[in-house]
Amino acid sequence: MTKPIANPELPSPPTGKYPAKSHARRVAKWIAENGGPQTGIIYLEGQLTQMTEQSLTRLYRQRRHFFYLTGCDLPDCYFAYDIVADTSTLWIPPVEPEYVMWAGMPLMPDEALRRYDVDCVKTTDELLRGGDSIRNMLSKQRTTIMAIKDRANLDIYQSDALEGSRPEINFDWARKSIEACRVVKDEHEIAMIRHANIVSSYAHEQVLASVKRASNEQELNAVFVMHCHANGCREQAYGCICAGGTNASSLHYVHNDMPLEGRLNLLLDAGCEYNCYCSDITRTFPLTGTFTKQSKEVYELVLRMQTECMEMIKAGVRWEDVHMKAHMVALDGLRKLGILKKELSVEKILESKVTTRFFPHGLGHYLGMDTHDVGGNANYEDPDEMFRYLRVRGTLPVNSVITNEPGIYFRRYPLEQELQDGKWDGIIDQDVLRPYWAVGGVRIEDDIWVKEGACENLTTVKSGSEYVEATVNGS
């Protein structure tokens, strides 16, 4: 009997309505508590249908701010939340005969009301008329409309159809309040991130088991996507990074189509999304089934970086401190290997910032409806290159989700030129470094739920070197 591609043993996805109404209330409360309007309407427009030059529909992705307050993944929709009345209204496209001919019947208002956590569902041809129209909301009070700039058609607010109700338009509060609230996840959001991790972890396992049958990066990329799609997660959270050998030294490698012959390892950074919530997982493994001496040394160092950082992650921890722990472990490991000269003091090495040449990116980022999720308050103008690419600054709140993804890379650019220029004389031992160039890069990444006093790893695929080698070898 042929084995099915989908795995019936994977846990079922979470059930129940997406808690959009509680999100709307949370956003309204945040606005009021931070000095914003205590009355008014939060108004959002969903993503519009976009067409190609050949009159085909482009791949659709709902605006995340819109989804957060509606749970609606339909195109061409509008939403309003009346703060005082505590009522939410969703406008969806009406039935159009031409649409039905090509794509079938759309979702009807009564079906949408059952599916989405909103109080009222109307069709978009009623946006400016009817009892639940924008006009009716505005006629009740002189009010403020809070919208996101460049994502709202202001013509409807200023039109004569509003019969003199000219609301104040505010672009300050909607975006920043939603982004602040999105950092802290509720139970339903954690469940969706967990499910995306379960499916992605399974797909990573299937890639590991397929390594010895593959001759090109694109084959392993395809294995990952196939198993995600077959198990209910059609969309990828981001473009896969499937990098063989020295290609893994590029942090966001994009080609994914190079031969694997003669390369030591493969770095697979890939994650699917479930119902608009993302996973983000990276594993590095030997293409032959056995790590070389240098690859094993680097792999174990990265695993130690991740493990020691994991022990620090809990609500209230300062993310810069966790990031620096990763650098300190990297410094210690590279020094023990002799790549950084052993006779140098820790202080001297830190002062040089040489570890940024081997670990150039931040330790992690928030995860949610976006892979690099909102709310991190990054400072890409930071003059300190230790922190310039750190996507999260400050303390971690309880029920945030963050990635823990240290890496060690051997990037010929700019390091090779800097070595030739003498920049690292007396700090890097080039003779010791030489055999490590072929390793390319090693990254290990898991998705971490931040709790009071602890954390939980939502990623289920294992990362121990013995497990990785055994799985590649079919054990």
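A pocket, as the word is used here, is an open set of grid points where a 1.4 Å probe fits, with protein on both sides within 12 Å along at least five of seven lines. With that in hand, let's look around this model, which is predicted. In the largest pocket there's about 1200 Å³ of space, and the second largest comes in at about 560 Å³. There's also a hairpin to look at, made by β15 and β16.

**The largest pocket**
- A total of 38 residues line the largest pocket, and Thr57, Tyr60, Asp73, Leu74 and Pro75 sit closest to its centre.
- Domain 1 (20-182) and domain 2 (186-473) both chip in residues to this lining, so the pocket lies between them.
- Helix α3 (97-103) and strand β9 (273-274) each provide at least two lining residues.
- The top contributor is α3, which gives four residues.
- Sorted by class, the lining has 19 nonpolar, nine polar and ten charged residues.

**The second largest pocket**
- Here 27 residues make up the lining, and those nearest the centre are Leu251, His252, His361, Gly362 and Arg391.
- This lining splits into eight nonpolar, nine polar and ten charged residues.

**The β15–β16 hairpin**
- Strands β15 (residues 446-451) and β16 (residues 454-457) pair up in the antiparallel sense, with four bridges.
- One of the bridge pairings links Lys451 to Ala454 in β16.
- Two residues come between the strands of the hairpin, and Gly453 in the turn has a positive phi of about 75 degrees.

Terms used. Residues are numbered from 1 along each chain as its sequence is written. This is a predicted model: local features need pLDDT of at least 70, side-chain atom pairs count only at pLDDT 80 or more; totals for chains, interfaces and linings use all residues. Side-chain values use heavy atoms; hydrogens and water are left out. Two strands pair if DSSP finds at least two bridges between them. On a 1 Å grid over the protein atoms alone, a cavity is a set of points where a 1.4 Å probe fits but cannot get out, and a pocket is an open set with protein on both sides within 12 Å along at least five of seven lines; lining residues have an atom within 4 Å of a point. Grid points are joined across faces, edges and corners, and a volume is the space filled by probe spheres set on the points. Ala, Val, Leu, Ile, Met, Phe, Trp, Tyr, Cys and Pro count as nonpolar, Asp, Glu, Lys and Arg as charged, and the others, Gly among them, as polar. Domain bounds come from an automatic or database domain assignment.
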